[in-house]
There are 2 protein chains.
Amino acid sequence: MNTRFAVATHILTFLAYQAGEPATSELIASSVNTNPTFIRRLLTQLAKAGLSTSQLGAGGGALLARAPRDISLLDVYRAIDEEQQVFAIHEAPNPNCPVGRSIDVVLKGRMMDAERALQAQLATTTIADLAADIAKRNKAG
Amino acid sequence: MNTRFAVATHILTFLAYQAGEPATSELIASSVNTNPTFIRRLLTQLAKAGLSTSQLGAGGGALLARAPRDISLLDVYRAIDEEQQVFAIHEAPNPNCPVGRSIDVVLKGRMMDAERALQAQLATTTIADLAADIAKRNKAG
DNA sequence: ACATATGTAACCATTTTGGATACATATAAC
DNA sequence: GTTATATGTATCCAAAATGGTTACATATGT
């Protein structure tokens with residue numbers, strides 16, 4: 001998969017650490033080690049999903065739109081991965097073959113089962129959990 | 001994701017339908033609607049994973065190496081997806097940032113939880129299940 | 001006004017993906 | 001043993017995805 005989900009999660013965790021202080025795309029980019037445009041593109045998607053907001057102008061930047069404990073990794077996944085599925089099928093199998101005729105429908109069902117299991121697990125973790133894990137790790141390490 | 005997992009599953013289900021009769025890469029390709037080389041590349045991976053075998057020469061082709069009920073979608077997933085993970089992280093975050101320093105380790109753990117949930121679900125379906133679903137669907141439809 | 005920061009478009013290089021051709025090797029059939 | 005068949009693999013290619021870069025119109029705080 002691409003790294004957008006990971007970077008989006010990084011962004012939100014960073015914002016949680018900011019504790020209400022707006023963060024510019026440049027500041028976030030320096031934490032992620034990428035460029036501000038990439039961050040702004042993701043922030044736009046996160047804002048559309050209701051996970052972040054942005055303040056224009058001097059002293060502005062991105063903020064969480066909700067409490068970290070109310071943002072799950074599933075929320076992030078849904079905000080970023082527009083396709084909403086890790087599996088892809090091969091288009092247009094042979095309709096004259098017994099297998100080709102039905103494989104797509106049958107396989108899609110099983111793929112969706114796996115996708116649901118993945119998403120259910122993602123729902124069990126919040127940005128607050130990640131922030132706590134990081135705080136503990138930095139204190140210990 | 002790419003379509004290799006779906007095509008590999010199609011191949012194995014096709015072989016299950018062949019009931020012991022060898023299938024050439026060309027025949028399989030016509031069912032999948034792709035080219036024989038792509039099929040052979042996947043068959044090589046499936047054979048390395050112990051899921052299929054191949055017979056050279058006239059009348060040859062690919063065969064299942066195990067009973068369809070003994071091949072799970074997790075077996076296919078592991079045979080095909082060498083990376084074994086749907087999630088990717090962004091490399092080299094800023095070590096001087098509290099979040100950048102620890103996000104990778106922490107997030108990787110949660111990603112692996114989700115990956116495990118996905119794989120556990122894949123393990124519940126076998127090629128025999130898919131073949132049965134297809135047979136039922138073709139009879140009904 | 002002026003500096004700052006977003007949102008978005010445009011362009012680019014790299015990688016991934018799947019398709020196409022080619023061919024050495026191995027096997028079956030005769 | 002010769003011939004037809006089929007694999008396994010290398011090579012090349014075009015299209016798409018991915019993330020980086022520049023640019024700039026718009027909005028906001030000072």
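**Note on the core, a helix pair and the aromatic pairs**

1. Y77(A) is buried, with a relative accessible area of 1%; this value falls under the 20% limit used for that word. The structure is a predicted model, and the points below should be read accordingly.

2. Six aromatic pairs are found over all chains in a search of the whole structure. In one of them, Y77(A) meets F87(B) edge-to-face, with 6.4 Å from centre to centre and 80 degrees between the planes. Y77(A) belongs to helix α4 of chain A, whereas F87(B) sits in the loop between α4 and α5 of chain B, so this pair joins two chains. F87(B) is also buried, its relative accessible area being 4%.

3. A further edge-to-face pair consists of F5(B) and Y77(B), at 6.2 Å centre to centre and 75 degrees between the planes. Because F5(B) lies in α1 and Y77(B) in α4 of chain B, the pair ties together parts that are 72 residues apart in sequence. Both F5(B) and Y77(B) are buried. In addition, ring pairs link F5(A), Y77(A) and F87(B) into a cluster.

4. In chain A, the axes of helix α1 (residues 4-18) and helix α3 (residues 36-48) come within 10 Å and cross at roughly 80 degrees. The two helices are therefore roughly perpendicular to each other. By class, their contact has nine nonpolar residues, one charged residue and no polar ones.

5. The largest nonpolar core has 84 residues, and I28(A) and I28(B) have the most contacts inside it. Leaving aside residues up to four places away in sequence, I28(A) touches several residues, among them I11(A), F14(A), I39(A) and A62(A).

How values were computed:
Residues are numbered from 1 along each chain as its sequence is written. Chains are lettered from A and ligands numbered from 1 in the order in which they are written. This is a predicted model: local features need pLDDT of at least 70, side-chain atom pairs count only at pLDDT 80 or more; totals for chains, interfaces and linings use all residues. Side-chain values use heavy atoms; hydrogens and water are left out. A nonpolar core is a set of buried Ala, Val, Leu, Ile, Met, Phe, Trp, Tyr and Cys residues joined through side-chain atoms within 4.5 Å. Buried means under 20% relative accessible area, exposed over 50%, partly exposed in between (1.4 Å probe, protein chains only). Contact means heavy atoms within 4.5 Å. Axes are lines fitted to C-alpha atoms, for helices over the stretch in contact, and angles run from 0 to 180 degrees between N-to-C directions. Helices (H or I, at least four residues) and strands (E, at least two) are DSSP runs, numbered from the N terminus. Angles under 35 degrees count as roughly parallel, over 145 as roughly antiparallel, 65 to 115 as roughly perpendicular and the rest as oblique. Ala, Val, Leu, Ile, Met, Phe, Trp, Tyr, Cys and Pro count as nonpolar, Asp, Glu, Lys and Arg as charged, and the others, Gly among them, as polar. Rings of Phe, Tyr and Trp (its six-membered ring) pair if their centres lie within 6.5 Å; planes under 30 degrees apart count as stacked, over 60 as edge-to-face and the rest as tilted.
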